[in-house]
Structures are given as C-alpha cells and as structure tokens.
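This report looks at how a group of strands is paired, and then at the surroundings of one acidic residue. Please keep the sequence and the coordinates at hand while reading.

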Amino acid sequence: MIESGEAIPSVPVKLVDGNGISDTTSDAVLGKGRVVFFAVPGAFTPTCHVNHLPGFIANADKLRAAGVDRIVCAAVNDQHVVKAWAEASGALGKIDFIADGNAALARALGLDKDLAGAGMGTRFTRSAMLITNGKAY
C-alpha cells in the first residue's frame with residue numbers, strides 16, 4: 001500500500017471531467033497542487049453511490065476553501081459508466097473522476113481488493129488520501 005511521502009505512480013487512466021473523457025496518466029491528474037483523492041469499489045454500487053460520493057459533493061466548496069485544488073474520485077469501471085455516474089450524481093464539474101477499468105491504478109497504489117466472490121473482480125478498496133504535489137499524505 002502506498003505510504004505517506006511516496007510519489008503517486010504513473011499508470012494510464014481515463015479522466016472524466018467537465019471537458020469529457022480523455023486519456024492521461026494518474027500522475028498527470030494527481031500530481032499538481034493539493035488533491036483530495038478518494039477511491040470506491042464501483043460507480044453506482046449502493047454504498048458508494050449513497051454514502052461516499054454525496055459527502056464529497058456536498059463539501060467540495062469547503063474543501064476548496066481550505067486550499068484543495070482538485071477533488072478526484074477513482075473507480076474500477078470503464079469511462080462510460082464513470083461518466084454516467086458523474087452526471088447522474090450531479091458531481092460533474094465539482095469532482096473529477098478517474099476510470100480505472102483494469103484496476104491498474106488500484107494495484108499500483110496497493111489499494112486493490114479481490115471482490116471476485118461477489119462477481120465484481122478486482123476493485124479499489126474504499127480509501128481517501130491527501131496528495132500534495134504528487135506525494136501521498
């Protein structure tokens with residue numbers, strides 16, 4: 001698992017934000033300024049949809065007022081599902097999303113969890129971290 005002070009790894013991801021969907025890398029998304037990063041097992045999953053994402057949406061302005069430059073949510077889903085979730089939840093424009101379809105970022109961060117028993121394959125474990133200039137804290 002990534003430790004405090006370690007650099008965010010660079011892996012290919014899809015960024016879903018107010019500009020649409022784009023190919024990029026995790027360090028390009030998470031490596032500048034102060035970033036609140038949180039990861040969930042999946043878009044539209046009941047706990048993530050009802051309990052995790054809404055709090056970050058509701059507190060986005062407070063986080064920015066406290067000096068956060070970007071809020072990013074990652075999920076192990078394809079970019080189309082992540083975009084639909086961002087739109088349906090009203091988060092698009094407040095929160096940026098990383099679609100980690102193959103769980104490459106989840107594995108690189110050591111935040112992967114085997115949910116094959118539930119028919120979900122490898123997913124992110126629920127987690128959150130503050131990243132400052134590309135280093136986890």
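## Strand pairing

In this predicted model, strand E1 (residues 12-17) and strand E2 (residues 20-25) run antiparallel and are joined by 6 bridges. The connection from E1 to E2 is a hairpin of 2 residues, and within this pairing proline 12 has threonine 25 of E2 as its bridge partner.

Strand E1 is also joined to E5, again in an antiparallel arrangement, through 3 bridges. In that pairing, valine 16 stands opposite phenylalanine 97 of E5.

## Position and charge of aspartate 100

Strand E5 (96-99) is followed by a loop that leads to helix H5 (104-109), and aspartate 100 lies in this loop. Which side chain of opposite charge is nearest to aspartate 100, and how far away is it? The nearest is arginine 107, at 7.0 Å, and aspartate 100, although buried, has no salt bridge. Since a salt bridge is counted only within 4 Å, the 7.0 Å separation from arginine 107 does not qualify.

## Contacts of aspartate 100

The side chain of aspartate 100 does have polar partners in the backbone: one of its polar atoms lies 3.0 Å from the backbone nitrogen of leucine 105, and the side chain reaches the backbone nitrogen of alanine 106 at 2.9 Å.

When residues up to four places away in sequence are not counted, aspartate 100 touches Leu105 and Ala106, together with Ala75, Val76, Asn77 and Phe124.

Note on methods:
Residues are numbered from 1 along each chain as its sequence is written. This is a predicted model: local features need pLDDT of at least 70, side-chain atom pairs count only at pLDDT 80 or more; totals for chains, interfaces and linings use all residues. Side-chain values use heavy atoms; hydrogens and water are left out. Helices (H or I, at least four residues) and strands (E, at least two) are DSSP runs, numbered from the N terminus. Buried means under 20% relative accessible area, exposed over 50%, partly exposed in between (1.4 Å probe, protein chains only). Lys and Arg count as positive and Asp and Glu as negative; His and the chain ends are not counted. A polar contact is a pair of N or O atoms within 3.5 Å; within protein, one must be able to donate a hydrogen and the other to accept it, and residues adjacent in sequence count only if both atoms are side-chain atoms. Contact means heavy atoms within 4.5 Å. Two strands pair if DSSP finds at least two bridges between them.
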